[in-house]
Amino acid sequence: MLEFNVKNNEEIIQLLKEAVPHGEVFADAASIKAHKNDPRGMNMADGDELAYVEVEDTEDIQGVLRIARQFHIPIVPQTTATSTVSGSDAVAGSIILSVKRMNQIIEVDPRDQVAVVQPGVINQDLDTAARKVGMFYAPDPGSKPISAIGGNASTNAGGMSTVKYGATRDAVLGLKVILADGRELKLGGRTFKQAFGYDLTHLFVGSEGTLGIITEVTVKLEPIPLGDPLVGLAFFKDLETLVQAVGDIRISGVYPTMLEALDARSTETIDRYLGTHYAQKDETMLIFKLDVADDRSIKAIEDILKRYEANNIQLTSNEEKMAQIIKLRQSMLPAIYRGQNHVMEDMAVPMSKMATLMNYIEQVGKDLNLSIYIAGHAGDGNVHPTFVWPESQPDMPESINEALRLIFEKTLELGGTISGEHAVGMLKNKWTYEELGAETDLLQHQIKSLLDPMGLLNPHRKIN
């Protein structure tokens with residue numbers, strides 16, 4: 001097709017380099033290939049990016065955005081590229097804007113119980129820094145050792161401790177954000193209560209880089225609890241019984257930090273992976289944790305487990321044994337993924353509907369003859385079914401696509417969401433209308449148009 005371009009790609013890249021005084025612009029073939037798709041995503045890039053840019057500061061970001069506006073170039077924001085829903089896969093001809101070099105912990109203040117960080121700070125590194133002054137950072141996604149706070153905020157990442165402390169949104173007090181037009185906004189602050197103006201801070205939390213580029217995050221820290229923690233596991237005859245027991249634990253007043261469910265297939269796979277012997281034949285495993293356990297809370301837990309005929313119960317406050325039990329949950333994904341292609345999904349339903357959804361997923365697997373591992377954050381209704389297929393078969397089988405459609409429809413029917421904590425990305429953006437309805441879908445597009453009128457920021461993500 002004949003086009004009369006103002007500048008060719010080489011000239012645009014040169015202008016881009018001039019606009020980024022402190023960062024670095026990569027346009028060589030090796031760099032383009034290396035950053036084209038998120039390593040944990042679904043390889044949904046529709047072409048090569050024009051350039052991959054690692055920025056150092058606000059001035060660099062504003063420079064990139066200025067060039068993007070001038071030549072109408074899509075911008076794909078990125079931190080550590082750990083998205084499972086292709087949240088930062090390339091759009092053809094785009095600029096991938098990485099903030100991973102903006103990785104400074106600016107402040108950790110135990111008196112105010114806050115930390116101020118740049119977006120590239122790794123979640124685990126922030127938690128480690130907080131613990132040095134008697135605090136901790138509560139949100140703990142499975143990607144905690146490798147994912148960054150900016151990405152966590154952009155996707156409203158959850159994790160195992162969400163049952164007690166909430167997701168990332170519940171920890172974010174303030175943000176600095178650069179809009180598509182280059183303006184920098186300071187939103188929220190460092191107070192736990194904020195009632196002035198519209199809550200723009202949390203508009204950007206979970207927006208997946210479609211409304212602005214996060215450059216600074218102020219988060220709430222928690223004091224490390226006094227007392228002895230308790231970690232335990234127990235086995236139940238089926239998922240439905242486990243979920244009923246979890247419901248009783250949730251309302252018992254013991255305030256668990258972790259309530260994790262794994263089906264029999266997952267537990268058996270973990271045993272093979274770790275060389276352990278936890279699996280009980282055709283039974284479902286519950287792993288749980290209390291930050292502080294006293295005699296009354298231990299008795300309450302034991303009474304509930306007994307009521308639901310749990311077996312092979314183990315309760316421990318021994319540091320080494322607690323770590324061994326928690327490692328079972330942490331090893332689930334590498335155990336399942338080993339030697340297989342896979343896709344892990346992320347539905348959430350009201351607690352009362354969790355067993356219904358899990359049973360439905362099992363039935364879909366049987367009906368379509370699929371290998372499905374079912375696990376989830378049982379304490380907050382978040383279900384993670386993992387579908388696997390042979391490594392020799394590169395493309396996902398159509399039967400898995402059909403299973404996901406059925407499970408998504410069932411999730412919405414039960415009053416749930418098809419994305420509890422992994423975000424929407426490009427993987428699920430066509431379901432926005434189905435989940436949110438016509439009016440809300442339209443409003444989301446109107447908000448996007450207001451803040452990003454040229455549609456340059458992370459196109460095809462969050463909304464279709």
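Start with helices α8 and α10 in this predicted model. Helix α8 covers residues 239-250 and helix α10 covers residues 295-307; their axes come within 10 Å and cross at roughly 155°. With that angle, α8 counts as roughly antiparallel to α10, because anything over 145 degrees falls in that class. As for the hand of the crossing, α8 passes α10 in a right-handed way. If you want to find the contact on screen, pick out Ala245, Asp248 and Ile249 on the α8 side, then look across to Ile301, Ile304 and Arg307 in α10. Sorted by class, the contact of α8 with α10 has four nonpolar residues and two charged ones, with no polar residue.

Now move towards the N terminus, to the sheet. Here you'll see an open sheet of four strands, running in the order β1-β2-β4-β3 with mixed pairing. The edges belong to β1 (24-26) and β3 (75-78); each has a single partner strand, so one side of each is left without a neighbour in the sheet. Going from one strand to the next, the twist averages 20°. Take the β3 edge: this strand pairs with β4 (residues 95-98) in the parallel sense, over four bridges. To pin down the register, find valine 76, whose bridge partner in β4 is isoleucine 96.

What packs on this sheet? Helix α1 (residues 9-19) does, touching β1, β2 (51-54) and β4, and its direction makes about 160° with that of β1.

The same α1 also has a helical partner. Its axis and that of helix α3 (residues 58-71) come within 8 Å and cross at roughly 150°. The two helices are therefore roughly antiparallel to each other, and the crossing of α1 and α3 is right-handed. On the α1 side, the contact is made by Ile12, Leu15, Leu16 and Ala19; α3 brings Glu59, Asp60, Gly63, Val64, Arg66, Ile67 and Phe71. By class, the residues in the contact of α1 with α3 divide into seven nonpolar, one polar and three charged.

Next, the aromatic rings. How many aromatic pairs does a search of the whole structure find? Three turn up. One of them joins phenylalanine 136 and tyrosine 165, with 5.4 Å centre to centre and 80° between the planes, which makes the pair edge-to-face. The pair links distant parts of the chain: phenylalanine 136 sits in strand β7 (residues 135-136) and tyrosine 165 in helix α6 (residues 162-165), 29 residues apart.

Finish with another pair of helices. The axes of helix α13 (residues 354-367) and helix α14 (residues 398-413) come within 10 Å and cross at roughly 160°. So α13 and α14 are roughly antiparallel to each other, and α13 passes α14 in a right-handed crossing. To trace the contact, follow Thr356, Leu357, Tyr360, Ile361 and Val364 along α13, then Ala403, Leu406, Ile407, Lys410 and Thr411 along α14. The residues of the contact of α13 with α14 split into seven nonpolar, two polar and one charged.

Methods: Residues numbered from 1 in each chain as written. Predicted model: local features only at pLDDT ≥ 70, side-chain atom pairs only at ≥ 80, totals over all residues. Heavy atoms only, no water. Axes fitted to C-alpha atoms, helices over the stretch in contact; angles between N-to-C directions. Parallel < 35°, antiparallel > 145°, perpendicular 65-115°, else oblique. Left-handed = near helix turned anticlockwise from the far one by under 90°. Contact = heavy atoms within 4.5 Å. Nonpolar A, V, L, I, M, F, W, Y, C, P; charged D, E, K, R; others polar. Pairing = 2+ DSSP bridges. Phe/Tyr/Trp six-rings, centres within 6.5 Å; stacked < 30°, edge-to-face > 60°.
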